[in-house]
Amino acid sequence: MLGFTHALIGMALCKLLHLSNNFLEIGLAAAFAVLPDIDHPSSLFGTLLHPVSAALYSRVGHRAFTHSAVFMAIVLTPMLFTPYFLLAFTAIASHLLSDAITFTGIPLLWPFNRNFTVLGGIIKTGSWTEYAISIICLGGVLIC
Ligand SMILES: [Zn+2]
């Protein structure tokens, strides 16, 4: 899925689950929701941290290590006893689940599984279905 869709899904989920209603914390949720795409040089974090992104992209490619349970554990373990753990967990998990719904899927058990999908991978990235999900999540962010 596209970056803005990940951000909107992460923010909407955090608001719907009442993890926060604070503007800055919802922004933090959006940042965590787009973090796994750091392995793509044209993503938000790929642009901000280009050397890291370029190294990841050239070594393992897009939707590899950063879209796995291993990456989640590495990012979330230092946050385990902070007030932002559930928010970060929800946002990153929303990214992995929403990418798992796409045709390509994710390597959740990287480096062993290269094609984990949810619901059979029914959504094409950038399709009208993804835009519809984005609009619904935008509504959730604005209304909740
Ligand atoms: Zn992704």
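Before we turn to the helices, let me say that a residue is called buried here if 20 or more other C-beta atoms lie within 10 Å of its own, with C-beta atoms placed from the backbone. Please also keep in mind that what we are looking at is a predicted model.

Let me begin with the whole chain. The protein chain has seven helices and zero strands, so, reading from the N terminus on, the elements simply run α-α-α-α-α-α-α. Along its principal axes the C-alpha trace spans about 40 × 35 × 25 Å. The radius of gyration is 14 Å, and this agrees with the value near 15 Å that a compact globule of 144 residues would have. Of those 144 residues, 38% are buried, and if we take the contacts between residues at least 6 apart in sequence, we find that 53% of them join residues at least 24 apart.

Now to helix α2, which covers residues 23-34 and which I would like to follow in some detail. At 1.5 Å a residue its twelve residues should span 16 Å, and the end C-alpha atoms are 17 Å apart, which agrees. Which residues of α2 are buried? They are I26, A29, A30, F32, A33 and V34. As for their partners, the buried residues of α2 pack against α1, residues 3-16, against α3, residues 44-48, and against α6, residues 85-100.

Let us look at the pairing of α2 with α6. How do their axes meet? The two axes come within 7 Å and cross at roughly 40 degrees, and because an angle counts as roughly parallel under 35 degrees and as roughly perpendicular from 65 degrees, α2 and α6 are oblique to each other. Their crossing is right-handed. On the α2 side the contact involves E25, L28, A29, F32 and A33, and these meet L87, A88, A91, I92, S94 and H95 in α6; A29, F32 and A33 are also among the buried residues of α2.

Helix α6 also packs with α1, at an angle of about 135 degrees and with the axes 9 Å apart, which makes α1 oblique to α6. This crossing, too, is right-handed. Here T5, H6, I9, G10, L13 and C14 of α1 make the contact with L87, T90, A91, S94, H95 and S98 of α6.

If you follow α6 in the structure, then, you will find L87, A91, S94 and H95 among the residues that meet α2, and L87, A91, S94 and H95 are likewise among those in contact with α1.

Note on methods. Residues numbered from 1 in each chain as written. Predicted model: local features only at pLDDT ≥ 70, side-chain atom pairs only at ≥ 80, totals over all residues. Helix = DSSP H or I, 4+ residues; strand = E, 2+ residues; numbered from the N terminus. Rg over C-alpha atoms; globule rule 2.2 N^0.38 Å. Buried ≥ 20, exposed ≤ 12 C-beta atoms within 10 Å, placed from the backbone. Contact = placed C-beta atoms within 7 Å. Expected span 1.5 Å × (residues − 1). Axes fitted to C-alpha atoms, helices over the stretch in contact; angles between N-to-C directions. Parallel < 35°, antiparallel > 145°, perpendicular 65-115°, else oblique. Left-handed = near helix turned anticlockwise from the far one by under 90°.
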